Each structure stands twice: as structure tokens, then as C-alpha cells.
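Here's a quick tour of one protein model, with an eye on its sheets, its surface and a couple of loop residues. Have the viewer open as you read.

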Amino acid sequence: MKFHETPLKGAFVVDLEEISDDRGHFARAFCADEFKAHGLKPDIAQINLSFNEKKGTIRGLHYQTPPAAEAKFLRCISGALYDVIVDLRPDSPTFRQHFGIELSAINRTAIYVPEMFAHGYLALTDGAQAYYSASEFYTPGVEGGLRYDDPALGINWPIPVEVVSEKDAQWPLIAE
């Protein structure tokens, strides 16, 4: 696995390190030892699969606070997504800054999202699917969210958002 730290300390883009032959290729998609070597949390409480029927569907920006703050490790397994993370660590020099990257079944890139980061993605294709692990169980009492269109964040989504859940549309703006 190849780990590339993003401008937001502790968040990593992770690429596959393929071993190829005439049959195709093999690559390690997750390794707890390699995560630990990079200072990442390798714990897995849940593995989630989301399917997005329509291009322009957004999910997020979601997070959980202590005692159930969660790290996530996400890969797009079908189609393409634009994935965004937002640093919510109040003592961080990149507090409220964001990072975005295209994840697709073709590029097979993954993203590691540390605890206390909001996370969301926009389906760039019909039928886009994400497969991701979470280090903590979904805990409704400590969940939170940011609006994808919050002007305080200034996220430049690559295509228009066309489908958003009622819950995600109702998160308060940071200014509120």
C-alpha cells in the first residue's frame, strides 16, 4: 500500500501497490500493521456499502464525536465519487479546512479519514458504490453533520448536487 498524506494532517490518500502477472494483479487493500506504522487507527467496528443510483447524489458531510468518534477508510468500487473531508479538530492548524479527491473503480484510490473529520461524497456517475470501514459503531446520540453547501466551507463540488437527503439538507450552517 502507498500512503500519501493530504494537506490535512493525519488524513491519507492510499493507493494500491499491485503485483501483476499474466493472470491480472493482486494488491493488499488493507493492512493493520501498515496502518499502525503510519499512525492510523486500524480498528474496524463496521463495514458499510452504499449504492448511489443517480449521478449528483450527495451523502454527508457526517461525523461522530467522542466517545464514538470514528475513523473511516473508504474506496469507490463502482463508478466514481468526489470525496471530501473537513478537519473538525479545534486545536488543528487546518481546522475547518477541507480536502477533496476523486475516487473511482478505475483509479482504485482510497482515503483514510481520521477521527473528528466530517466526511461526505458526491456520486459522479450513476450507480456509484462506496465500500468503507468505520472504527466505531454508528451512534445516533453523537452524530453530527455539516451542510455540503455551507459558504463557510467553500467546497467546490465538481458537478451540481441533485439528490440530497432531508437530514443532510437540514444540518445547520457553521454561522448558525
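## A well-covered strand

First, a cut-off: a residue counts as buried when its relative accessible area is under 20%, taken with a 1.4 Å probe and protein chains only. Keep in mind that this is a predicted model. With that cut-off, strand S12, spanning residues 128-134, comes out as mostly covered, since five of its seven residues are buried.

What does S12 pair with? One partner is S5, which runs antiparallel to S12 and is joined to it by seven bridges. If you want a spot to click on, Gln46 has Ala134 in S12 as its bridge partner. Strand S7 (residues 72-78) is another antiparallel partner, with six bridges to S12. There, Cys76 is matched with Ala130 of S12.

## The five-stranded sheet

Over in another part of the model, five strands make an open sheet with antiparallel pairing, in the order S9-S8-S11-S6-S13. Its edges are strand S9 (98-104) and strand S13 (143-145), each of which pairs on one side only. On average, neighbouring strands in this sheet are turned by 25° against each other, ignoring direction.

Let's zoom in on the S13 edge. Strand S6 (residues 58-64) pairs with S13 in the antiparallel sense, over three bridges. Tyr63 is the residue that stands opposite Gly144 in S13. As a general reminder, strands of a sheet pair through backbone hydrogen bonds, either parallel or antiparallel.

## A nonpolar patch

Which residues make the nonpolar surface patch of about 550 Å²? They are Phe30, Ile44, Ile47, Leu49, Ile77 and Tyr131.

Phe30 is worth a look of its own. You'll find Phe30 in the loop between strand S4 (24-26) and helix H1 (32-37). Its relative accessibility is 32%, so Phe30 counts as partly exposed. Patch members need over 30% relative accessible area, and Phe30 has 32%.

## His38, after the helix

Now for the loop between H1 and strand S5 (46-52), which is where His38 sits. Why does His38 count as partly exposed? Because its relative accessibility is 36%, and the partly exposed class runs between the 20% and 50% cut-offs.

So who does His38 meet? Setting aside neighbours within four places in sequence, His38 is in contact with Phe3 and Phe12. There's also a C-alpha to C-alpha distance of 8.8 Å between His38 and Gly10, although these two are 28 residues apart in sequence.

Note on methods
Residues are numbered from 1 along each chain as its sequence is written. This is a predicted model: local features need pLDDT of at least 70, side-chain atom pairs count only at pLDDT 80 or more; totals for chains, interfaces and linings use all residues. Side-chain values use heavy atoms; hydrogens and water are left out. Patches are made of residues with over 30% relative accessible area and no salt bridge: like charges are joined within 9 Å, nonpolar side chains (Val, Leu, Ile, Met, Phe, Trp, Tyr) within 5 Å. Accessible areas come from the Shrake-Rupley method with a 1.4 Å probe; for residues, only the protein chains shown count as cover. A salt bridge is a side-chain nitrogen of Lys or Arg within 4 Å of a carboxyl oxygen of Asp or Glu. Helices (H or I, at least four residues) and strands (E, at least two) are DSSP runs, numbered from the N terminus. Two strands pair if DSSP finds at least two bridges between them. Axes are lines fitted to C-alpha atoms, for helices over the stretch in contact, and angles run from 0 to 180 degrees between N-to-C directions. Contact means heavy atoms within 4.5 Å.
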